Structure formats: structure tokens, C-alpha cells
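This briefing walks through a protein model by topic. Please keep the sequence and the structure open while reading.

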Amino acid sequence: MVGAMETRRLSGNIFSRDKNFLKSIFYPQFESELIEKNYKLNYLTNIYPSNHRLLVFILISHSLFYLFEIFYLKLEINSLKLIYLSLLCSTICLNLLSLLIINRIRNIILSNIISLLCLCPLIIITCLYPMECHIYFLIVLIYTISNLFLPLSVLISILVTILVLKLQTCLILLLIINIIGIYLNRLLESTIRSAYNQLYAIVRNSLLSEHTLISKMIDSLMPRKYAEVIMEDFDVFRERLQNINASSNQREDDLQMTVFRPLHIERMENVSILFADIVGFTQMSSNKSASQLVSLLSDLYGRFDDLCVQMSCEKIATLGDCYYCVSGCPEPRQDHGKACLLMGLAMINAIEEFDQDNNEQVDMRVGVHSGSVNCGIVGTKKFKFDIFSNDVTLANKMESTGKPGYVHITESTYLLVKSDEFQFEQGPSYKLTTNLEIKTYFIGKRRLSHRITRKPPQMTLATAAAFAVASGVSLSVPLNDTNYISNQSTLANVSSPLLEEVEQARRATISEDDLPVCLTNNKKNVENLTDLKIETEEKQLNIPLNFLTLKYKDSKLEKSFSRKILRYELLIIEILLSILSFLLLFIYLPKQTLLSIIMITFILIQLILALIIIRYYKKLTNNLILINLFQYFYLLSPLVLLLIIPKDYLITTPSFILFVSTYLTLFSSINHLIKILLSFLSILIYVLIIFFNNHIEILILIKIISCLLISLIVNYGINRQIELSRRYEYNVINKSSEQRNEIEKERERADWLLRNILPEHVIEPLRLLGGSYSRNHPCVAVLFASLINFHVMYEEQYEGGKFYARILNEFYGDIEELFVDPRFSNIEKIKTIGATFMAASGLQTDSNDENSIKSVCDLIEFALAFQETMHQFNQALLNFAFEIRMGLNFGPVTAGVIGTTKLFYDIWGDTVNVASRMDSTGEKGKIQVPEYVALALKDKYQFELRGEIDVKGKSRMTTYFLKANSNK
């Protein structure tokens, strides 16, 4: 519904808002000059040629009929007849010649001139030989198929009327035909313009679409290579969660799914992995507020993100103060080793520039190793693109055993880059788990005479997309239209960067030409971009029609179109035109008592039906048959009158010609073939009646039949044109409706992706703060849970480790389904680091009550459920059982959203560090906590003293283990 409402709103903005009502009727235009220009070009390219060919067919048919009449009836040839013959022949020649050039015309005025030239012989014939059939054909063609401007059509019609004034009996009929002609002219143009308006909206939407936003969301999660397949999993994940919710009252055993979750993992050989750690981060963060720390990390990691793009590396993740990326994955590269090495050296230079810009004193320790990885998506909640293998672990060890200001590389990387101009320094040998030793090398930082980084902008591509999705900016809303963005005062400072970033994305994907960056010209830029895709969209909308019946070849589309009822406004207008024409016809026809009674009866019935339709239109729309019966009644009412008085054929024939050629073009929702059938039957009945009642001469009858057959051709041409325009409009509307449905799916996917990047409680503050988020939380519980024997199971000799990646994916999937349980609704998965799962509780509240331990209890219950889930999972494993080790802590943390090319929600602080140490120094099957946690929870849980242990960064700490089944 939102997408539909916004598309209508956008469509309304495209039409002219000119206050001059008469001008908007006689010379309608789109508000934008560029849209008007595109519309005219589209009209001249696709619509005008087919309409003109129809006009040529009618005019040539008219000429041939009268040539046949002249020669068949062997009329005497005199000077006037010669002029008549030459005009008829010139009509044929001019129209045939026009067919040669109509496809090349790109000027609307020139098209009018050509149409006028084709009509000129008929105009001259009408003025020299003012037969009523000529006049009616000419006027209705001028208003409809000739494609002339309405003011020009009215002017020519008035001139023709003045020139044939000696036929005074036709003035009332001329009034009828002019009124209906003006209506048909407006109907045809408004239908075509409405269709083009919808078409333009579709293209404009596709340029400012949810797709742009969702692309950025995907880029924040994974390489584009995995985007298409992971989006296909959206329905799978949603259906699985729905099944879990539906089964919430069943036994836990019933919740076990028999179908594996989607897995997107592949083995990549010949890659290089880089790990980098900030030296001095703890000291830097110790005296910073949440916003200051997040701002600094965003600044530093933003520089690293830019370098990743420059060095053709793929950023994987940030782990607190650790940053890691890969080269040669997911797209292979021959120079992956050199790319990673240059990335590491650039990071060391970048952190120096960061220190200078922010008056800090931090350094970089970098480790690089070359080998193989398993890469892909693991997990179903807060998933991301990740890499894991024994070589990833080794790269991490190179970082941890390195030294500040140096890149520490293994021998495998050295062999790849030794021929390059790097200064190598022998490093200590590193002993692998297999007791083999490998050589390592150091490369010192470069001395550069120029800067290589800059402070990243506040609003980046990724944050712009996240902000837009969080703000609910619809696909169909131009992002520079602040009327559609809530809280304008709050967002004033971010709308321009958002536009700039989306404009950059649009510019990069659609056009390589230089475009103005000025955001005040954003609307013009969008229109220029629209011009690039309008032709493609038109081709997609050219759905094949049956040439004779004009039915869609798509049966579903044809079925839905056949149920389409004429719009209320048009139906009322056509009913009023029908009644007015009926009244004028009554004035024109000779007055007879019976005729007057019938006329008055019909008019009363028509007025009553009109009131019924006005009053009960909404109810009648459900009864298509009744609506059609009403339309047929209005359409055929004049026929009854004309058949009552057929003896005076001199009076009724002009009326009957008008009835067939013009009146039967009303009620455009009736199929044109049905109207042709009605016209043919009416002509047949009329000819038979006047022939038998009047016993007229055969020559006169042939002339009447000739006029009526031309009327039938004109009727066919106009009704065909009207139905074509209606079908074109309906096709465009149907296309836009399909796209709106797709928009809703894209919106769901975008929201789903957003919630896989950011926690629910972060999204609203992110929107209000214009794409930035940082918060200090006084009391947050943090849990680290590691599968300590996964490395024992993991074997890269079999399928390169993909089989074990699937097992890990299924395990994480089972754990993540615990979040569906309402008991754990306040717990957030932070990330997974290989075989380690990190979660936190208490991030959703801003409470300053530091003694509140509810969040800690919630996380302990989650940890216990985690263990239970692992035990259930182990039952499905053959000859193996996972062993878990857990560490838990609570206290103050800093939370924030960082990243430029890839967004990450993360938490930092001593609380997080200690929780990690509680895990790494713990024992299998146990949950280790610091002493103050055990003391704070002693009334709720039972703990057993472990004693003092060495903890990195803390010297000696007293820790406790949570006892099993210790709930009090």
C-alpha cells in the first residue's frame, strides 16, 4: 500500500500544475520540460506512425470508394468531376508518400503539417462538394486519428463549418460531432499521457529505487558474488522461523528440522589473509566517551575501508580493535600476496596520519599469510561474509606475534613477493601445531612524502542506505523531497549527504559521464538518467497483441483487462454526452407524436439510469454485466429513433452516418469489435428498411451504402485507436502494480538485511541521528562461547573443509533459533568469530541503574539454553561431540555502528575484554565468571571457586564457575 500511495503521489507531481484551466485543456503539458520532450519523442516514435497509418488507410479507402462510385456508376465526366477525381487521386498519392517519412519525423509540428497535408484534398472536396458524409468524416478524423493539436483541430472544424453553412440542416449534427470529437481528442491524449506518466514513474522509481538501497545493504554484508543466492534464502529463513513459532507449544524434539539450512561456502585457493591490531587501543579508549570512541574508530576504520577498495582487498570484519581482510577472495587475483602486503604497509602509514589528525598515539601490528580459505556465509542471524581455515588462524598468529610498525609475513607470502622491491628482515621461526617450523619475515613501514588517506565523510554509502531503510524512505519517493521524510528538522543535516551518496551510486551504475554534483540540481540529474533507460522500459512494456482482436497474448492479463470498468468520471461524462446528443438529435429529427413520446420516454429512462449510476456506482462495479447493459442502452438508444422513421431517408441518413462514425465511439470500455459488429448490423438493418420502405433507386442506395461503409471504416479506426491506447495504459499500470509488489518484497528484504546488520534497538536512533550511532551502557552482560574441539573435527583434506562448515552452520542456526524464544528477546548476537559465538544482554535499555542484574540473569539463562542446544545437536553427530567453553562478564560497555563500505555494530570496553579472557582461560563444559559477577549473583545462582588465574592485561584474577542446575 505504501508503494502504491507513493507512486500515485509521484505521478501527480509529473503532471502540469498550471493554474490556467483552459490552457491545460487545449494545450496540456507535463510540468518538466524534459519529460514533455521525452513524451513527444516517444509519441513520434511509437504512437504517431501507427495512428498515421490508420489515417492513411481510412483516407485511401474513402478515395477508392468514391473512385469506384464514379466509374462503376459511369457518371458523366465534366470539369468539376475532373477536379474531384484529381483530388481523390492526390489523396491517395499524398498519403502513400507520407508513409515513407513518418518513421523519421522527430518534430511534433512537422507531424501536424504532414497530417494536415494528407487531409487537405478531403478538406477541399468537402468545401467544393459539401456532401454531409464528407463533412462528418473530415471533422471526426481531424479530432481523432489525424493527431492534430486540439486548438488546430477546433480551428479547422470551425472553418469547415463556416464554409458549408449552406447545408443548414447539418448544423445541429455538426454541433454533436464537434462535442463528441473534442471529447475523443481529450480522451485519447489524456490516456496516452497517463500511460506515459506511469511509464516515467516506473523508470524514475527504478533509478531511485529500493534496489539502490538494498544493494548498499548487501554490500555492507557480503561481496556482490553472494548477493543473489543469499537473497533467495530470505523466504527459506522466514518460513523456518514461522514454523518454529507455530510449533512453539510442541515438544522441543519436534522443533528439529529435517532440512538443512542454505549454505553458501566455497573453497578458495591462492589467497592472502591480513590481520591488523591497534597497539595502544586500550589506553586510547580509557578516557573517551562513547561518541568520541566510535567517532575515532569510524575515522580509522573508514580509512582502512578506503584502502581496501584501493588495494583490491575484501574487508571481512572488525573484532574490537582488530581489522582483517583478504585478497584473492572471493574473486581470484594473481597478485594477492602483493595486494595484501601493500594493504598492510598502507595501514601503518594510515594510522600515522590518523595520529596526526586526532592527536593520538596508537600504532599498527599487521600479520599476513598466504594459503587457502573457506569463504561464504555462516549463520542465519547477524550473518556476514566470513573466511575460516587453518591458514586464517596462522595469519592471526602472525599478527599477534608481530611488532608495531611492521608487517609480519610467513614464508609462503614471502615466496610470492620476494621479487618485488620490499625490504625484508628475518623474523623468528613459528612452530605449527604439527611441530613443523616455518620462517617468518618483517617488512618495515614506508616513508612517504604524501598523504594516502583522508577523514571519511559522516554519511557514507553504507550508512546512507541503512539510514534510508531505517527512515522508511520508499522506492517511489525522490530522496530530495523532504516532504516525504519525517522529522525534517532533525534530518536537515543529513539529507544532502544521503542524496550525494545515492547520487554517487546511481552515477556509478548508470552513466560514466560527468554529472553535476550540486544537489540542488538533483532532480534534473535524475531526469537525465531517466532518459537513458526510458527506451529500454518501453520495449519491455510492448507486450504482443493480436493484430485483429487487440487481445493480449497473455491470457491472465487479458482476463484482468476484460474485467476493467470505465473510470467513474469518464463514465459519467460519456453518459452526459449521450443524453446531450440524444436531445440534439430529437431537435434535428422531424416532430411526430409517436417519436416525441418515445424520445421523452428514452430521455427519462436515461436520466434515471444516470442518477442510479451516480448514486450506486461502487456497488455496480461488482456487477460487470449490469454496467455493460447500461452502456449498451445508452449506446443504442439513438438507433431506435433512426429506425422508427426510415421513410425519410434524406433526413435520417446523415444522422445515421453520424451515429455509426462518431456516436458509436463512446463508451470506450466496450470492445471495439463488438462496436464494429453493432455498427455492421445497424447498417444492414437500416439499408434493408430504407430499401423496402422507400423503393429508392439502386444508384442512390449504392451512394448511401458507400457512405455507410466508409462510416464503418472510420468507426473501426477510431475505436481501434481508443482501445489500443486503453490497453497500452492498462499494460503500463499493470507493470507498475507488479513493480509495487516487488517494491514491497524489496522493502521486506531491506528490513531483513538491516536487522542482520544492526540490532532492532539501534535502528530508530540511527534514523533520528542521521546515520550515526554510539552509546555508553552502564550495565551490559557479555558472553563468549567457543567450540573448543571444532579444530579437531575440522579437516581440510575432505572437501576442503566445506562439510564441516555445514555442520558449524547448522549448529549456529540451532543456537540462533533460541532468539525466537521470548525469554531471550533482549539478547543480541554480536558476531561469530570462527568457532566462537559472542552475545550480549542489556544493550536495549538506557537504564542508569548499575545494580540491575536482570540482563545478566537473562544471559546466563541463554548460556544454559546454549549448552542444552549443543547437547541436543551432539545427538545427531556420529562419533563426535562438540565441547563448549564459556566466559561471561558484565559491566559498562561502549556500543556503536562503524564502517564506510561495510557497517558493523560492535561493543568495546574492558567488560568485553574480560569476558573474552573468561572464555579463553576457561574449562570445557563450564561457564567462567570474574569474582564480582559471582558475588553479584550469589542470591540467584550457585558458583564454585576456581581460584586465581593469569589473565592477559589483568595479571591475576579470582574466577568462579557457574554450577550446573544452580538456579535458586
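Two rings of Phe, Tyr or Trp count as a pair if their centres lie within 6.5 Å. One aromatic cluster here is formed by F790, F811, Y812, F819, F824, F837, F862, F866, F873, F880 and F882. The model is predicted. The protein has 968 residues, and 56% of them count as buried.

**Overall build**

- The protein contains 33 helices and 18 strands.
- Among contacts with a separation of 6 or more, 75% join residues 24 or more positions apart.
- The exposed area is about 42800 Å². Carbon and sulfur atoms supply 57% of that area.

**Nonpolar cores**

- The largest nonpolar core holds 117 residues. Within this core, I613 and F656 touch the most other members.
- Helix α3 (residues 33-72) gives the most to this core, contributing 15 residues.
- A second, separate core has 52 residues, including A785, A863, V929 and V933.
- What does I613 touch, apart from residues up to four places away in sequence? The list is Y568, L571, I572, I575, L620, F630 and Y634.

**Aromatic pairs**

- The whole structure yields 29 aromatic pairs.
- F656 and Y686 are stacked, because their ring centres are 4.2 Å apart and their planes meet at 10°. Planes under 30 degrees apart count as stacked.
- This pair links distant parts of the chain. F656 sits in helix α25 (residues 649-661) and Y686 in helix α26, 30 residues apart.
- Both F656 and Y686 are buried.
- F890 and Y932 make an edge-to-face pair, because their planes stand at 75° with ring centres 6.2 Å apart. The edge-to-face class takes planes over 60 degrees apart.
- F890 belongs to strand β14 (residues 884-898) and Y932 to helix α33 (residues 931-936), so the pair ties together parts 42 residues apart in sequence.
- Buried or partly exposed: which applies to F890, and which to Y932? F890 counts as buried because its relative accessibility is 12%. Y932 is partly exposed, with a relative accessible area of 41%.

**Helix α26**

- Helix α26 spans residues 672-694 and includes L681. H672 also lies in helix α26.
- H672 counts as buried because its relative accessibility is 0%.
- Neighbours within four places in sequence aside, H672 contacts L548, T549, L550, Y716, N719, R720 and E723.
- L681 has 39% relative accessibility, so L681 counts as partly exposed.
- L681 joins L677, F680, L684, I685, L688, F691 and F692 in a nonpolar surface patch of about 720 Å².

**Salt bridges**

- Side chains of opposite charge can pair when their charged atoms come close. The structure holds 23 salt bridges.
- K315 pairs with D305, with the closest N and O atoms 3.2 Å apart. K315 is in strand β2 (residues 314-319) and D305 in helix α13 (residues 290-310), 10 residues apart.
- K315 counts as buried at 3% relative accessibility. D305 counts as buried at 0%.
- R333 and D335 meet in a salt bridge with an N to O distance of 2.8 Å. R333 is partly exposed at 29% relative accessible area, and D335 is partly exposed at 35%.
- E923 and R946 form a salt bridge at 3.7 Å, N to O. This pair links distant parts of the chain, 23 residues apart. E923 is in the loop between α32 (910-920) and β16 (927-930), and R946 is in strand β17 (residues 943-951).
- E923 counts as partly exposed at 32% relative accessibility. R946 is partly exposed with a relative accessible area of 30%.
- D299, R303, D357 and R451 are linked in a salt-bridge network.

**Backbone details**

- Which peptide bond is cis, with omega near 0°? The bond from C329 to P330 is cis. P330 lies in the loop between β3 (322-327) and α14 (336-358).
- N147 is not a glycine, yet has a positive phi of about 65°. N147 lies in the loop between α6 (132-143) and α7 (150-163). N147 counts as buried at 10% relative accessibility.
- N270 is not a glycine either, and has a positive phi of about 55°. N270 is in strand β1 (residues 264-279). N270 is exposed, because its relative accessible area is 56%.

Note on methods
Residues numbered from 1 in each chain as written. Predicted model: local features only at pLDDT ≥ 70, side-chain atom pairs only at ≥ 80, totals over all residues. Heavy atoms only, no water. Core = buried A, V, L, I, M, F, W, Y, C linked by side-chain atoms within 4.5 Å. Buried < 20%, exposed > 50% of the residue type's maximum accessible area, 1.4 Å probe, protein only. Helix = DSSP H or I, 4+ residues; strand = E, 2+ residues; numbered from the N terminus. Contact = heavy atoms within 4.5 Å. Patch = residues over 30% accessible without salt bridge, like charges linked within 9 Å, V, L, I, M, F, W, Y side chains within 5 Å. Areas by Shrake-Rupley, 256 points an atom, 1.4 Å probe, with all protein chains shown as cover. Salt bridge = Lys/Arg side-chain N within 4 Å of Asp/Glu carboxyl O. Phe/Tyr/Trp six-rings, centres within 6.5 Å; stacked < 30°, edge-to-face > 60°.
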